[in-house]
Amino acid sequence: MNNIMKRMKAISHVTSVIFILSLGAWCCGQVELDAAPMEKTEQEALYSTIQGFVGNSWNGSDLYPDPCGWTPIQGVSCDLFNGFWYVTVLNIGPMHDNSLMCAQNLEFRPQLFELKYLKSLSFFKCFQSQKRFPITIPTENWEKLAGTLELLEFRSNPGLIGNIPSSFSVLKNLQSLVLLENSLTGEIPPSIGNLIKLKRLVLSENYFIGCIPDIFSGMSELLILDLSRNLLSGTLPFSLGSLTSVLKLDLSHNLLQGNVLNELSNLKYLTLMDLRDNKFSGGLALSFQEMYSLEEMILSNNPLLGGDIMTLKWENLQNLVILELSNIGLKGEIPESLSELKRLRFLGLSDNYLTGNLSPKLETLPCLNALYLSGNNLTGEIKFSNEFYGKMGRRFGAWNNPNLCYQVGVMSKSLVPFGVRPCQQEVNLLQSNKKNELIHVDMNQAFNSIPSIGFSSYATNGIWWSSLAKTIMMGLFLDCYII
């Protein structure tokens, strides 16, 4: 028993020693980190860079002991290299309440490119006045950041004008290039294709013109390609089919034309394909039915696209959540195979030339919460349940289908689909038309056969008898006509 107690005391003593030593090492390390200085040339380059964007009145006097110490700058991050702090992240603009706010009249100073360990550089709502203080992206010195820069972003800068510098091509380690919602112009430089490590390329909401360059053959690591909301024209480049890792492809809101590439079926991991608001033609590409990973297919407002909706095997696309095919010139009947897409939440088929009856099987889609079918040539009765109409509400649209009707007495008046007429009204209208025709024909026959029932128009009182006969016959047929 005494031996056990002695061993326990020894273990406790050793544990205490180890704890004290560890605590001392941690404290010394923490002191070393806190005391680590920023190299003077690095600090001067950072301060000058910031002053170029926020104004010379900023001098960093409230920072202790330096920008990477106990009171850091919001939007500036640092890492230790060889015992010194160096800036690795620089975010300019109102991202947070205490972020660096941009001045009106600002400039890119060359000291920006002296931050030799800079990995991430972004500007958000910084260049705001295109008329008073327009500014362009520098074209020189990017090679100084070629070995380190991984992220470069310009977001929501209406005062940022000019072209994309072709010198961006030297940024060999760049993984994210985002030029979003600026006022950039010109064509997309083919040199962007040299950025083979890019995982995200977003050039949307600018004023880029010309064709999409055929530059994607070597960009196999790209995950997001967004060129939407520009003025791009021409046909799609074949090298888009080389983006075998891409997850999101957004080319919407441009002036693109020609056929949609069959090569897009090579994009085996694609989850979003947005080609809306362009001028594509040639019908639905057969390759679409091989894009098994697709979750969102948006092709709307390509009125020249055309084709038959029955062409594709829709049941293959089991991951579809959004299918938007409105206003693309589609023909044919709505295929029942769409009812096999159990994850589908949104189905838009409005403003096409679709015909035939509406399959009640669409109601069986468990996740569907929006169905738009207006502006087609659908016919017959809509045979959905009250529960379906209640679930969909205003998210069900079937107006402007002249020969489509709903069943009277089956659904509540509060659930009647907007712009769709009741089927009973159609029947009554047809019956009324037939009765009108019947009256017209039978009246003529009756008037012409008055002598056969004993009234002669050539008798002494022939005029009186003729008028009486007409009155009697009109009374008989009026009884048949009144409902």
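Over residues 17-34 of this predicted model, pLDDT, the predictor's confidence in each residue on a scale from 0 to 100, stays under 50, and the model has three contacts (heavy atoms within 4.5 Å) beyond four places in sequence for this stretch. Residues 426-483 also keep a pLDDT under 50, with 21 contacts beyond four places in sequence. Where pLDDT is low, the predicted coordinates should not be read in detail. For the protein chain, the mean pLDDT is 84, and 79% of its residues reach 70 or more.

Residues are numbered from 1 along each chain as its sequence is written. Because this is a predicted model, local features need pLDDT of at least 70 and side-chain atom pairs count only at pLDDT 80 or more, while totals for chains, interfaces and linings use all residues, and side-chain values use heavy atoms, with hydrogens and water left out.

Strands here are DSSP runs of E, at least two residues long, numbered from the N terminus, and two of them pair if DSSP finds at least two bridges between them. One open sheet has five parallel-paired strands in the order 8-10-12-14-16, with strand 8 (185-187) and strand 16 (279-281) at its edges, each pairing on one side only. Three bridges join strand 8 to strand 10 (residues 207-211), and glutamate 187 stands opposite isoleucine 209 in strand 10.

Another open sheet of five strands, again with parallel pairing, follows the order 19-21-23-25-26. Strand 19 (331-333) and strand 26 (421-422) each have a single partner strand, so one side of each is left without a neighbour in the sheet. Within this sheet, four bridges join strand 23 (residues 377-382) to strand 25 (residues 403-406), where leucine 404 is the bridge partner of glycine 380.
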